[in-house]
Amino acid sequence: MGTSRLPGFYKMRIAERLRRVAEQARGGWRRAGRPGRKRHLPLANADAMIENAVGVLGLPVGVGLNFLVNGEDVLIPMAVEEPSVIAAVSLAAKIARDGGGFQPTPTRRG
């Protein structure tokens, strides 16, 4: 992973965003199903995944920026319909980054 700090990312055209994400992810992003392409989950698959399936909802996919997790830069793919969520998460990650980022520790299940 390169860096999760991509100033001005929101101002870029989609093609430029996809190029920058691919650069930063160094190939790992491709394993996620080639962002930018239309993909639809077939209803039969949805029915096999959850109980009482009645449809499939498409959501925009964006990228949470500025994340530093256990000392490593991370881009966080997010599917949301609320416009401010990714901006808020990216700002919170930037603030956390200034304090050393996120240091998750596993806990035992009781």
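Strands S1 and S2 form a hairpin with two residues between them, and in the turn Asn-70 has a positive phi of about 50 degrees. Strands, like helices, are DSSP runs numbered from the N terminus, a strand (E) having at least two residues and a helix (H or I) at least four. The model is predicted: local features need pLDDT of at least 70, side-chain atom pairs count only at pLDDT 80 or more, and totals for chains, interfaces and linings use all residues. Residues are numbered from 1 along each chain as its sequence is written, and side-chain values use heavy atoms, with hydrogens and water left out.

The hairpin may be considered in more detail. S1 covers residues 61–69 and S2 covers residues 72–79, and the two pair in the antiparallel sense over seven bridges; two strands count as paired if DSSP finds at least two bridges between them. Two positions illustrate the pairing. Val-61 has Ala-79 in S2 as its bridge partner, and Phe-67 stands opposite Val-74 in S2. S1 is mostly covered, seven of its nine residues being buried. Here, buried means under 20% relative accessible area, exposed means over 50%, and partly exposed lies in between, as found with a 1.4 Å probe and protein chains only.

The hairpin belongs to a chain with three helices and two strands. From the N terminus on, the elements run α-α-β-β-α. The chain has 110 residues, of which 25% are buried. Its exposed surface comes to about 8,400 Å², and carbon and sulfur atoms supply 56% of this area. Accessible areas come from the Shrake-Rupley method with a 1.4 Å probe, and for residues only the protein chains shown count as cover. Among the contacts with a separation of 6 or more, 49% are between residues 24 or more positions apart; a contact means heavy atoms within 4.5 Å.

The interior comes next. In soluble globular proteins, nonpolar side chains tend to be buried together. In this model, the largest nonpolar core has seven residues, namely Leu-6, Phe-9, Met-12, Val-21, Val-63, Leu-65 and Leu-75. A nonpolar core is a set of buried Ala, Val, Leu, Ile, Met, Phe, Trp, Tyr and Cys residues joined through side-chain atoms within 4.5 Å. One member of this core, Met-12, touches Pro-7, Arg-17 and Arg-20, when residues up to four places away in sequence are not counted.

Nonpolar residues also appear on the surface. Leu-41, Leu-43, Met-49, Ile-50 and Val-56 form a nonpolar patch there, with about 470 Å² of accessible area together. Patches consist of residues with over 30% relative accessible area and no salt bridge; like charges are joined within 9 Å, and nonpolar side chains (Val, Leu, Ile, Met, Phe, Trp, Tyr) within 5 Å. Met-49 is found in helix H2, residues 43–49, and is exposed because its relative accessible area is 61%.

Charged side chains provide a further kind of link. The whole structure contains four salt bridges, each being a side-chain nitrogen of Lys or Arg within 4 Å of a carboxyl oxygen of Asp or Glu. One of them joins Asp-73 to Arg-97, with the closest N and O atoms 2.7 Å apart. Asp-73 lies in strand S2 and Arg-97 in helix H3, so this pair ties together parts that are 24 residues apart in sequence. Both residues, Asp-73 and Arg-97, are buried.

Helix H1 offers a second setting for such bridges. Salt bridges that share partners join Glu-16, Arg-19, Arg-20 and Glu-23 into one network. Arg-19 and Glu-16 form a salt bridge with their closest N and O atoms 2.6 Å apart. Both residues lie in H1 (residues 14–25), three residues apart, about one turn of the helix. Arg-19 is partly exposed, with a relative accessible area of 40%, and Glu-16 counts as partly exposed at 28%. The side chains of Arg-20 and Glu-23 meet in a salt bridge of 3.7 Å, N to O. Glu-23 is also partly exposed, with a relative accessible area of 41%.

The path ends at Gly-101, in the segment after helix H3 (85–98). Gly-101 counts as buried because its relative accessible area is 19%. Gly-101 and Leu-68 are 33 residues apart in sequence, and their C-alpha atoms are 4.7 Å apart in space. With neighbours within four places in sequence left aside, Gly-101 is in contact with Leu-68 and Ala-96.
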